[in-house]
Amino acid sequence: MTHESLPIDQRAYSPLATPQAKRLVDSLSSPELGVDEYRQAMRALGDEMAGEVLAKMGSPTRPTDIYVVCTVEDADFLARGVIDRLGKAGLAQNVRLACMWNVRQDIAGVAAAPIIKSYTEKGSADRAVVIVVKAIIAGACVVKTNLSRMLSSVGPDEVFVVAPVLLKGAQGRLADEFPAEISRKFQFVWCAMDSRKQGDLVVPGVGGSVYERLGLGNAQEKNRYAPALVRERRSARGAPAQAVFAQAMS
Amino acid sequence: MSEGVAGVVQTLSGALACRGDNRKLNMSHPQPSKEEVLACADRLSPELGAYLRNKLRGGSSGRKGADFERLFAAYTLAGEARKALASGLPLDDPTPWPHFHEQAVAFVDDLLVESDGAHHFYQLKSVAKLSWAAGEHPVAEDFRCQARLSAALRQPPIKTTLVVSDSSLREALERAMPEDVACHSAVDYFPSCTSTNRLVWEFAPLRQAVQGVLSRPHAKCDDIESALLALCSALQASGGRRSALDLLRAAHNNCTLIVAPPVAAAPLLAGFDEALARIDGFTYSLDGGAFTWRCNDDEGVLPYSLETPQFDDFQRNVLDTCPRTFDELEPLLT
């Protein structure tokens with residue numbers, strides 16, 4: 001699918017976004033960026049944005065579990081970048097991955113994204129940090145669903161919502177989906193905020209359909225993808241987490 | 001409502017009873033049809049017919065799929081269906097199951113549930129202020145008229161419930177309930193939320209009710225929200241009187257975690273169970289008409305019912321692929 005390049009100057013940037021993060025998020029909307037480069041850019045963005053999360057998180061008291069919650073399409077790229085950075089900070093053994101396969105539906109006039117498959121590493125239910133990762137948040141129904149799944153069994157002290165791109169109003173939309181005692185824990189970490197849509201797509205957003213830009217097909221085909229990150233961690237279950245991190249970084 | 005209209009209500013009831021269609025006095029006798037009631041109301045009094053028509057029109061226009069009234073109906077459906085499943089009602093005959101009717105042709109008309117030999121009429125008000133006697137058509141008068149009309153129609157015993165979205169208002173209305181409607185009336189509470197997800201998180205009775213119709217025990221809030229929306233969708237599409245059994249089956253099409261009693265359980269393909277048994281740690285269940293599975297830290301549910309061609313294809317794919325590990329099976333599970 002071709003994507004028309006739109007003026008970048010219509011977007012706002014987070015005051016906390018690094019110059020590198022801004023350059024990377026703007027590069028996503030270039031139609032010349034191939035699949036491999038796009039994937040690399042997403043992974044690098046995850047690494048950059050995790051830096052801001054670490055600065056906000058302070059020094060978590062071990063053995064706090066850090067749940068990284070992502071969708072299937074973000075696992076090997078944006079989420080892996082976040083986990084890379086956590087590993088560099090010596091927190092690899094704290095990470096618990098939760099990867100969700102969602103289907104998008106309109107049920108009774110409400111946008112829904114039920115989870116048909118999940119990989120969720122078990123950890124402690126309290127004194128945890130949740131980092132939910134999403135390439136772009138517009139209506140927030142996917143993040144709402146995946147957060148709802150996670151928060152049903154984990155009562156975190158902090159919830160970081162990490163997204164390179166937000167559609168204006170997404171923070172409020174997501175906060176409204178949860179009771180106040182939960183939503184007041186949300187801390188949004190973002191790079192760019194756009195205010196326009198073309199049909200269902202935010203513009204310039206992430207340069208079109210994130211599934212197609214990542215080379216995963218359409219919204220149905222992407223659910224057949226089996227992230228390497230999940231397979232690595234699944235097969236290493238029981239092995240020291242740092243060894244898994246070291247293997248992934250090599 | 002004026003005394004004249006109330007008097008007409010009695011005449012209407014008598015007219016229906018004298019139609020000569022030999023309807024028997026029957027505790028499970030469903031509501032007369034909309035056309036029958038309106039036609040009789042028109043013949044007896046234009047005022048009565050107009051009032052009933054206005055209630056019907058005002059309630060159905062501009063309905064959203066998951067508005068306050070429908071969410072309450074879905075919540076009630078979940079509770080009634082759970083009781084029906086637990087009581088062992090036949091799974092192949094909807095007749096003895098509770099029946100639901102949104103916007104019934106009635107004075108108390110937001111929801112009618114026929115269950116346990118009674119007709120339960122609900123009026124829903126998502127307002128901050130309300131009293132029994134205020135307004136052009138007071139709530140108490142609607143409740144009185146409904147009791148008289150149902151008695152004249154020789155319907156089963158009725159209950160009339162006023163449902164409000166403010167718990168303090170509920171208490172005040174309970175204290176101030178007129179004596180003449182108290183014998184068949186109650187006041188209940190159901191919260192009004194800006195989002196269905198937030199409603200699920202904030203109202204424990206709703207979570208408990210919906211969990212009762214799910215095949216997955218200890219369901220998380222996201223599953224409960226999906227199921228709630230599926231129940232709303234089934235009610236929205238129903239258009240008229242539907243059994244809880246049929247509504248469950250319709251909801252199952254949008255959320256396979258909702259129990260859908262199979263009309264006839266189809267046998268699994270030969271070798272399918274053995275093929276899955278070879279995968280270390282993999283377990284599955286067919287309860288409720290869905291294929292739910294778990295393998296260590298992975299879990300899921302197929303997004304289509306056991307009775308669909310897609311499930312047949314899934315079984316054949318498993319047999320053709322002969323997976324030996326979960327990694328080999330995984331691509332087939334979506």
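So, polar contacts between the two chains: in this predicted model, 19 residue pairs of chain B and chain A are in polar contact, counting pairs with both residues at pLDDT 80 or more. Four elements of chain B, namely α8 (196–202), α10 (221–238), β9 (298–301) and α14 (326–329), each supply at least two residues of the side that touches chain A. The largest share there, 10 residues, comes from α10(B). If you sort that side of chain B by class, you get 12 nonpolar, 12 polar and 12 charged residues.

Let me stay with the interface for a moment. In total, 36 residues of chain B are in contact with 34 residues of chain A. Between them the chains bury about 3,000 Å², and 50% of that is on carbon and sulfur atoms. Salt bridges turn up too: the rule finds 11 across this interface. One to look at on your screen is K144(A) with E225(B), whose side chains come together at 2.9 Å, N to O.

There is strand pairing across the chains as well. Strand β6 of chain A, residues 115–120, runs antiparallel to β9(B), with 3 bridges between the two. Look for S118(A) there; its bridge partner in β9(B) is E299(B).

Now, over to the inside of chain A. How many of the 6 residues of strand β7 are buried? The answer is 6 of the 6, so this strand, residues 128–133, is largely enclosed by the rest of the structure. A128(A), V130(A) and V132(A) point one way from β7(A), while V129(A), I131(A) and V133(A) point the other way.

β7(A) has parallel partners. Strand β2 of chain A, residues 65–71, joins β7(A) through 5 bridges, and I66(A) is matched there with V129(A). Strand β9 of chain A, residues 158–167, also pairs with β7(A) in the parallel sense over 5 bridges, with V132(A) opposite V161(A).

What packs against this strand? One residue to follow is L147(A), in helix α4 of chain A, residues 141–151. L147(A) is buried, at a relative accessible area of 1%. Beyond its neighbours within four places in sequence, L147(A) is in contact with V130(A), V132(A), V159(A), L174(A), F178(A) and F186(A).

Last stop, chain B. Here we have an open sheet of 6 strands, ordered β5-β4-β3-β2-β1-β6, with mixed pairing. β5 (185–189) and β6 (242–243) of chain B are at the edges with a single partner strand each, so one side of each has no neighbour in the sheet. Within the sheet, β2(B) and β3(B) run antiparallel, joined by 5 bridges, and E114(B) sits opposite H119(B).

Key:
Residues are numbered from 1 along each chain as its sequence is written. Chains are lettered from A and ligands numbered from 1 in the order in which they are written. This is a predicted model: local features need pLDDT of at least 70, side-chain atom pairs count only at pLDDT 80 or more; totals for chains, interfaces and linings use all residues. Side-chain values use heavy atoms; hydrogens and water are left out. Two strands pair if DSSP finds at least two bridges between them. Buried means under 20% relative accessible area, exposed over 50%, partly exposed in between (1.4 Å probe, protein chains only). Contact means heavy atoms within 4.5 Å. Buried area is the accessible area (1.4 Å probe) that two parts lose on being put together, summed over both. A salt bridge is a side-chain nitrogen of Lys or Arg within 4 Å of a carboxyl oxygen of Asp or Glu. A polar contact is a pair of N or O atoms within 3.5 Å; within protein, one must be able to donate a hydrogen and the other to accept it, and residues adjacent in sequence count only if both atoms are side-chain atoms. Ala, Val, Leu, Ile, Met, Phe, Trp, Tyr, Cys and Pro count as nonpolar, Asp, Glu, Lys and Arg as charged, and the others, Gly among them, as polar.
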